[in-house]
Amino acid sequence: MTAFRIVFGVLYALFGACVFSFLGVVIDRVPAGRSIVKGRSHCDACGHVLSAGELIPIVSYLFLRGRCRHCGAKIPVRALLLELLGGVLFLGCAVLYGTSLYGVPLPTLRVFAVFAVLSILLVIGWIDQLTMEIPNGLVLALLVCAPLFVLLFETPSLPARLIGALCVSVPMLLLGLVIPNAFGGGDVKLMAAAGFLLGWKNCLLAMFLAVICGGTVACTLLLTHRVGRKDTIPFGPYLCLGVAVSLLAGDAILGWYLSLFF
Ligand SMILES: [Zn+2]
């Protein structure tokens with residue numbers, strides 16, 4: 001039975017790795033306005049179209065030692081890290097939200113819904129980091145997941161979700177009116193969509209985590225003179241990180257935090 005579980009675990013990890021490998025393509029192509037479905041995966045250096053074997057994530061990277069089989073050009077290590085992250089996250093979702101049949105973990109619709117949201121968050125955060133812009137289509141993709149979340153998860157309640165959609169986005173919007181360029185419009189829309197998925201408690205937590213992480217990075221960059229006082233750094237990546245952490249572990253974090261006082 002244990003061997004059976006390991007086989008399934010490996011299959012899930014490979015699935016997650018494949019999805020995130022594809023997200024790497026999306027991240028490269030969407031900001032450049034290229035199609036994500038047209039054009040097979042190829043080596044960026046020599047144009048060699050990857051064979052089926054070379055498309056197996058993680059395994060092929062390790063087997064090829066991070067180099068193109070054709071021209072020997074280095075494959076960015078980002079590809080491997082993305083695949084590992086995808087594998088870990090899908091496996092994590094399967095354990096957290098899956099069910100088990102005769103001791104074999106099975107992914108449910110919940111697993112795919114949460115993993116889809118994590119995937120969209122990764123792409124939003126990464127593209128914002130690269131271009132300082134959050135494409136509307138990606139926020140829309142988050143909104144498409146909203147009815148699915150209402151159907152699949154009893155908590156948070158619908159009112160808590162509606163408050164969640166407003167409790168961070170509206171103050172951000174108002175702050176943006178007072179301090180120009182404090183946030184981008186994409187950040188506000190992102191937190192409205194994410195707030196609905198999270199409910200107000202976890203949405204506040206997500207914002208808190210984003211401010212802590214983004215603030216720490218911004219201070220570090222300022223102190224090491226890698227950015228100037230007038231430069232802006234994208235906030236989207238930290239919002240996405242905060243939302244992802246809150247989605248997976250928000251209830252546990254809030255429970256722990258409240259246990260310190262009560
Ligand atoms: Zn090549």
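M132 is found in the loop between α4 and α5. In this predicted model, M132 has a positive phi of about 60°, although M132 is not a glycine. M132 directly follows α4. With 14 other C-beta atoms within 10 Å, M132 is partly exposed, because this count falls between the 12 or fewer of an exposed residue and the 20 or more of a buried one. R65 also has a positive phi, near 50°, and is likewise a residue other than glycine. R65 lies in the loop between α2 (59–63) and α3. R65 is exposed, since 8 other C-beta atoms lie within 10 Å. A further backbone feature is the cis peptide bond that joins T155 and P156, with omega about -5°. P156 is placed in the loop between α5 (136–152) and α6 (158–167). Most residues other than glycine have a negative phi, and most peptide bonds are trans.

Helix α1 covers residues 2–29. At 1.5 Å a residue, its 28 residues should span 40 Å, and the end C-alpha atoms are 41 Å apart, which agrees. The buried residues of α1 are Y12, A13, G16, A17, V19, F20, S21, L23, G24 and I27. An α-helix has 3.6 residues a turn, so residues three or four places apart point the same way. Such spacing appears in the buried set, for instance in the series that includes Y12, G16, V19, L23 and I27. The buried residues of α1 pack against α3 (77–97) and α4 (109–131). I6 is also found in helix α1. I6 is exposed, because 10 other C-beta atoms lie within 10 Å and the cut-off for exposed is 12 or fewer. I6 and V104 are 98 residues apart in sequence, yet their C-alpha atoms are 9.4 Å apart in space.

The packing of α1 on α3 was examined next. The axes of α1 and α3 are 6 Å apart, and the helices pack at an angle of about 130°. That angle makes α1 oblique to α3. The crossing of α1 past α3 is right-handed. On the α1 side, the contact is made by G9, Y12, A13, L14, F15, G16, A17, V19, F20, S21, L23 and G24. On the α3 side, the residues are A79, L82, E83, L85, G86, G87, L89, F90, L91 and A94. By class, the contact of α1 with α3 has 15 nonpolar, six polar and one charged residues.

The axes of α1 and α4 come within 10 Å and cross at roughly 30°. The two helices are therefore roughly parallel to each other, as the angle is under 35 degrees. Here too, the crossing is right-handed. V19, L23, V26 and I27 of α1 make the contact with S119, L122, V123, W126 and I127 of α4. The residues of the contact of α1 with α4 divide into eight nonpolar, one polar and no charged. V19 and L23 are listed in the contact with α3 and again in the contact with α4. Helix α4 itself has 23 residues. Its first and last C-alpha atoms are 33 Å apart, close to the 33 Å expected at 1.5 Å a residue.

Helices α3 and α4 also pack on each other. Their axes are 9 Å apart, and the angle is about 140°. That makes α3 oblique to α4. The helix α3 passes α4 in a right-handed crossing. L89, F90, C93, A94 and Y97 in α3 meet R110, V111, V114, F115 and L118 in α4. The residues of this contact divide into nine nonpolar, no polar and one charged. L89, F90 and A94 of α3 appear in the contact with α4 and in the contact with α1.

A further helix, α8, spans residues 185–198 and holds G195. G195 is buried, because 27 other C-beta atoms lie within 10 Å and the cut-off for buried is 20 or more. Leaving aside its neighbours within four places in sequence, G195 is in contact with G164, A165, L166, C167, V168, S169, W200 and C203. The C-alpha atoms of G195 and L80 are separated by 31 Å, with the two residues 115 apart along the chain.

Note on methods:
Residues are numbered from 1 along each chain as its sequence is written. This is a predicted model: local features need pLDDT of at least 70, side-chain atom pairs count only at pLDDT 80 or more; totals for chains, interfaces and linings use all residues. Helices (H or I, at least four residues) and strands (E, at least two) are DSSP runs, numbered from the N terminus. The expected span of a helix is 1.5 Å times one less than its number of residues. Two residues are in contact if their C-beta atoms, placed from the backbone, lie within 7 Å. Axes are lines fitted to C-alpha atoms, for helices over the stretch in contact, and angles run from 0 to 180 degrees between N-to-C directions. Angles under 35 degrees count as roughly parallel, over 145 as roughly antiparallel, 65 to 115 as roughly perpendicular and the rest as oblique. A crossing is left-handed if the near helix is turned anticlockwise from the far one by less than a right angle, and right-handed if clockwise. Ala, Val, Leu, Ile, Met, Phe, Trp, Tyr, Cys and Pro count as nonpolar, Asp, Glu, Lys and Arg as charged, and the others, Gly among them, as polar.
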